[in-house]
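Let's take a guided walk through a protein and DNA assembly. Have a look at the picture first, and then we'll go through it piece by piece.

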2 protein chains.
Amino acid sequence: MEQRDLPCCEENLIHSDAVERVRGLLPRDETLYDLAELFKIFGDSTRVKILYALLEGELCVCDIAKLMEVTQSAVSHQLRVLKTSKLVKFRREGKTVYYSLADEHVTRILSQGMEHIQE
Amino acid sequence: MEQRDLPCCEENLIHSDAVERVRGLLPRDETLYDLAELFKIFGDSTRVKILYALLEGELCVCDIAKLMEVTQSAVSHQLRVLKTSKLVKFRREGKTVYYSLADEHVTRILSQGMEHIQE
DNA sequence: CTATCATATGAACATATATTCATTTGTTTG
DNA sequence: CAAACAAATGAATATATGTTCATATGATAG
């Protein structure tokens, strides 16, 4: 049998009312996209580990690299990602750059996630 | 100049004390990995959209497909991912399968993320 | 100014992953 | 049982993304 365009549920939806109602309640596509982009940042073990480390206070790039056991370059790339998403902030002191968490949202998001996986 | 193994911060760390302290406080690598895996699930706009839709109540696969404007197959694949991570649950009613959110963690995680991007 | 060190960046590569297409499974109805 | 339909699955493809290597930038010390 060959596939049609959208054979799913035919033209008459099973619950067209529900679909229309929900459609009206959904955030804008752009918002949902941004939200997914945010969570994508948390969706990498190196970055999550960096964020968890920064919960304990500020650290310089090379300290983080030691902790993660990855290249300084890799850490630097990831810190740029975190910085761009406003999840971390930094201050320069001579040659050294110290990174720290930008705000408490990071903590809360991490906590909620941790709760879910630990139940 | 050629690159050495780990020229970063030489052997004597800048803050070896801080590094060691934080190392002791970090969750296990496996836990951090699982956490990243969880957030990865939220890190896709299709899945986030599905989860937001389910905030309003249960929906069948084909309704979700209509809402997302993607293939029934794509939705089904994503629902499997969400199901595996215990973010959604389902019940069967005849030919139709209804999906709904598994618990309130989903709601909380979405809320925290939304707060961050909207500030 | 030159050397050195901490960090950042660019390019390349390898891996992961989301979607589509085709097909299958499972259920209901004639 | 056969047809029809909702949902699930497998394979293939295209794209995204994380790491490494090499190099550049920016800052301090001699």
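How many salt bridges does the rule find across the interface of chain A and chain B? There are 4 of them. Keep in mind as you read on that this is a predicted model.

**Where the two chains meet**

One of those salt bridges pairs A:Asp29 with B:Lys49, and their closest N and O atoms sit 2.9 Å apart. Besides salt bridges, you can look for polar contacts: between chain A and chain B, 14 residue pairs are in polar contact, counting pairs with both residues at pLDDT 80 or more.

Which parts of chain A build its side of this contact? At least two residues each come from α1 (16-25), α2 (29-42), α3 (45-55), β1 (59-60), α4 (61-68), β3 (96-101) and α6 (104-117). The largest share comes from α2(A), which gives 11 residues to the side of chain A that touches chain B. If you sort that side by class, you get 30 nonpolar, 12 polar and 17 charged residues.

So much for who takes part; now for the size. The size of an interface is often given as the accessible area lost when the parts come together. Here, chain A and chain B bury about 5400 Å² between them, and 71% of that is on carbon and sulfur atoms. Three residues stand out on the chain A side: A:Phe39, A:Lys66 and A:His116 supply 12% of the area that chain A buries against chain B, more than any other three residues. In terms of residues, the contact takes 59 from chain A and 59 from chain B.

**Inside chain A**

Now let's zoom in on a single chain. Chain A has 6 helices and 3 strands, and if you follow them from the N terminus, the order is α-α-α-β-α-α-β-β-α. Of the 119 residues in chain A, 45% are buried. You can also ask how far along the sequence the contact partners are: taking contacts between residues at least 6 apart in sequence, 48% join residues at least 24 apart.

For a close-up, pick A:Ser100, which is found in strand β3 of chain A. Is A:Ser100 buried or exposed? Its relative accessibility is 16%, so A:Ser100 counts as buried; the cut-off for that is under 20%. Leaving out residues up to four places away in sequence, A:Ser100 touches A:Leu54, A:Glu58, A:Leu87, A:Val88 and A:Lys89.

**DNA strand D**

Time for the DNA. DNA strand D is surrounded by 28 residues, and the closest are A:Arg47, A:Thr71, A:Ser73, A:Gln78 and B:Tyr99. Which part of the strand does the protein come up against? Of the atoms of DNA strand D within 4 Å of the protein, 64% belong to sugar or phosphate, and the rest belong to bases.

Both chains help out here: α3 and α5 (72-84) of chain A, along with α4 (61-68), α5 (72-84) and β3 (96-101) of chain B, each supply at least two residues of the surface near DNA strand D. The largest share, 6 residues, comes from α5(B). By class, this surface has 8 nonpolar, 12 polar and 8 charged residues.

**DNA strand C**

On to the other strand we'll look at. Around DNA strand C there are 27 residues, of which A:Ser73, A:Tyr99, B:Thr46, B:Ser73 and B:Gln78 come nearest. Sugar or phosphate accounts for 63% of the atoms of DNA strand C within 4 Å of the protein, with bases making up the rest.

Here are some individual polar contacts with the two strands.

| Residue | Protein atom | DNA atom | Distance |
|---|---|---|---|
| A:Lys40 | side-chain N or O | phosphate oxygen, DNA strand D | 3.2 Å |
| A:Thr46 | side-chain N or O | phosphate oxygen, DNA strand D | 2.7 Å |
| B:Ser76 | polar side-chain atom | phosphate oxygen, DNA strand D | 2.9 Å |
| A:Val61 | backbone N or O | phosphate oxygen, DNA strand C | 3.2 Å |
| A:Val97 | backbone N or O | phosphate oxygen, DNA strand C | 3.3 Å |
| B:Ser73 | side-chain N or O | base nitrogen, DNA strand C | 2.6 Å |

Near DNA strand C, the elements that give two or more residues to the surface are α4, α5 and β3 of chain A together with α3 (45-54) and α5 of chain B. Which element gives the most? That's α5(A), with 5 residues. Sorted by class, the surface near DNA strand C has 8 nonpolar, 12 polar and 7 charged residues.

Terms used:
Residues numbered from 1 in each chain as written. Chains lettered and ligands numbered in written order. Predicted model: local features only at pLDDT ≥ 70, side-chain atom pairs only at ≥ 80, totals over all residues. Heavy atoms only, no water. Contact = heavy atoms within 4.5 Å. Buried area = accessible area lost by both parts, 1.4 Å probe. Salt bridge = Lys/Arg side-chain N within 4 Å of Asp/Glu carboxyl O. Polar contact = N/O pair within 3.5 Å; in protein donor to acceptor, adjacent residues only side chain to side chain. Helix = DSSP H or I, 4+ residues; strand = E, 2+ residues; numbered from the N terminus. Nonpolar A, V, L, I, M, F, W, Y, C, P; charged D, E, K, R; others polar. Near = heavy atom within 4 Å. Buried < 20%, exposed > 50% of the residue type's maximum accessible area, 1.4 Å probe, protein only.
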